[in-house]
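Biologist: Please choose one part of this structure and take a close look at it. I am new to it, so explain each term where it comes up.

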Amino acid sequence: MVKETPNSAASDAARWAALIEAVAKREDREAFATLFEYFGPRIKAFMRRSGASEQGADELAQEALLAVWSKARLFDPGSVGASAWIFTIARNLRIDGLRREKRAGRDHTVEIDPEFHVDEGPQPDAILAGSQLESRVRNAMTLLSRDQLRVIELSFFDDKAHAEIAQTLQIPLGTVKSRLRLAMNRLRGLLGDFS
Amino acid sequence: MTIHHHPPEDLLAAFAAGLLDLGQHVAIATHLVGCPRCRDTVRTMEHVGGALLTGLPPTAMSGDALAMIKARLDGIVPAVASPPRRATGLSDVPGLPKFVREYPAGPWKWIAPKVHMRPIELPEASETRVFLLKSRPGTKMIEHTHTGFEMSCVLSGSFVHAGGHFGPGDFDLGDGADDHEIMIDSADDCICLIAMQGDLKLNGMIGRLLQPLIRM
Ligand SMILES: [Zn+2]
């Protein structure tokens, strides 16, 4: 799934970050179109897998790209990689979409972004710049086993409880949890010392 | 603050993936306030999300999507970081994430000798209820059993049970499997944020006292 060589992962991460910064600094529409063409169809796929209809997924993907445009100045390449930043935008819109569905018309908006904003202590947490972390995570993921990747992927994208993942993969629930934990421990190990 | 008890990694991943309901999300976010290690894990998981996103097979956007969106760009006002909202009754509680401090909360209610609770009102329907529980030093409780899970984040003070000693910043995931005795062992009040799901089946006298109130 993630097949890039180390160098291409690093250059992709830096290139996307540069495109977002071009939008932030110059309202660069060409940079925006490039981001749109790459991320739009992938965000749409993400929304489809999370259960949105064809039309709903298209609208959510458009909303996500509009948010990339309007929030570009808030993008901080020092702390977050470009695709992770875009992922969090899509994630928050998905949460918002699901809540709106539940409220069924009752008009009421709560901003999702602050719910993920965590104050850092006096020492900022970031040791690695965003695009460095991004390419290291992408490279580390190529070293996970297929099974480990599949559990991570299912738990991120299919909005499935672990019990459902167990059913889908026909493995016991305990195996799903332990595989997920193993996969994440492995990732952390590959990424170096975190604590 | 030295933290000894962390949420399991699958919960941190579910947090980063945006899959927790709001009550559980609040509990994990509360732990993150005091825990750089778990913040780092969540940050890494968000980068895993980014990598997975770029690896998804693309689904074509509707034909005119780019033209439509470009036409809308002019009308868009660049976002700025949101201004702080008005403080509510929870602004005096240490260790809560900023967004939680803005939620309305009821007053402290007496629920049993030495035990008070204060419900936190979530702005969205959630299967998980969230409240603060304040216990005086020396309080002993039999932990209830329930069919769901229970997350506790220690905000101040400390308690001890068979699973270990829990102080400020620590996270305790109750599995509901066994009853065990909890003892407040700090010199001051122990205040925890609790996120609880599922039906309660409380045991013991305090349990019976707690039950009607926690059901809310
Ligand atoms: Zn932690």
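A close look at chain B

Modeller: The secondary structure of chain B comes to six helices and 12 strands, where helices (H or I, at least four residues) and strands (E, at least two) are DSSP runs numbered from the N terminus. This is a predicted model, in which local features need pLDDT of at least 70 and side-chain atom pairs count only at pLDDT 80 or more, while totals for chains, interfaces and linings use all residues. Residues are numbered from 1 along each chain, chains are lettered from A and ligands numbered from 1 in the order in which they are written, and side-chain values use heavy atoms without hydrogens or water.

The part to look at is the zinc site. The protein donors of the zinc ion are H6(B) through ND1, H31(B) through NE2, and C35(B) and C38(B) through SG. These donors lie 2.0 to 2.3 Å from the zinc ion; a donor is an N, O or S atom within 2.8 Å of the metal (3.2 Å for Na, K and Ca), and sites may look incomplete without water. The angles among the four donor atoms run from 101 to 118 degrees, and the site is tetrahedral, a term that requires all angles of four donors to lie between 85 and 135 degrees. Along the sequence, the donor residues are spaced H-x24-H-x3-C-x2-C. H6(B) and C35(B) thus link distant parts of the chain, being 29 residues apart. H6(B) sits in the segment before α1 (9–17) of chain B, whereas C35(B) sits in the loop between α2 (22–34) and α3 (36–55) of chain B.

How buried or exposed are these two residues? H6(B) counts as partly exposed because its relative accessible area is 21%. C35(B) counts as buried because its relative accessibility is 2%. The cut-offs are under 20% relative accessible area for buried and over 50% for exposed, with partly exposed in between (1.4 Å probe, protein chains only).

P7(B), next to consider, also lies in the segment before α1 of chain B. P7(B) is buried, since its relative accessible area is 5%. Leaving out residues up to four places away in sequence, P7(B) touches L12(B), I28(B), H31(B), C38(B) and F171(B); contact means heavy atoms within 4.5 Å. Two of these, H31(B) and C38(B), are among the zinc donors. The C-alpha atom of P7(B) is separated by 10.0 Å from that of S152(B), which is 145 residues away along the chain.

The helix that follows this segment is α1(B). All nine of its nine residues are buried, so α1(B) is largely enclosed by the rest of the structure. Its buried residues include E9(B) and D10(B), as well as L11(B), L12(B) and F15(B). Just after α1(B), G18(B) has a positive phi of about 80 degrees. K114(B) also has a positive phi, of about 70 degrees, although it is not a glycine. K114(B) belongs to the loop between β1 (109–112) and β2 (115–120) of chain B, and it is partly exposed at a relative accessible area of 43%.

Further along is strand β10(B), residues 181–184. In β10(B), I182(B) and I184(B) point to one face and are buried, while E181(B) and M183(B) point to the other and are not. In a regular strand, the side chains alternate between the two faces of the sheet. Strand β7 (residues 159–161) of chain B pairs with β10(B) in the antiparallel sense over two bridges, and M183(B) in β10(B) is the bridge partner of V160(B). Strands pair if DSSP finds at least two bridges between them.

Over the whole of chain B, buried residues make up 56% of its 216 residues. Of the contacts in chain B with a separation of 6 or more, 65% are between residues 24 or more positions apart.

Chain B also meets chain A, whose secondary structure comes to eight helices and zero strands. In chain A, buried residues account for 53% of 195 residues. The interface brings 61 residues of chain B into contact with 81 residues of chain A. The two chains bury about 6300 Å² between them, 65% of it on carbon and sulfur atoms. H47(B), L53(B) and M61(B) supply 11% of the area that chain B buries against chain A, more than any other three residues. Buried area is the accessible area (1.4 Å probe) that two parts lose on being put together, summed over both.

Key. Tetrahedral: all angles 85-135°; square planar, octahedral: opposite > 155°, others 65-115°.
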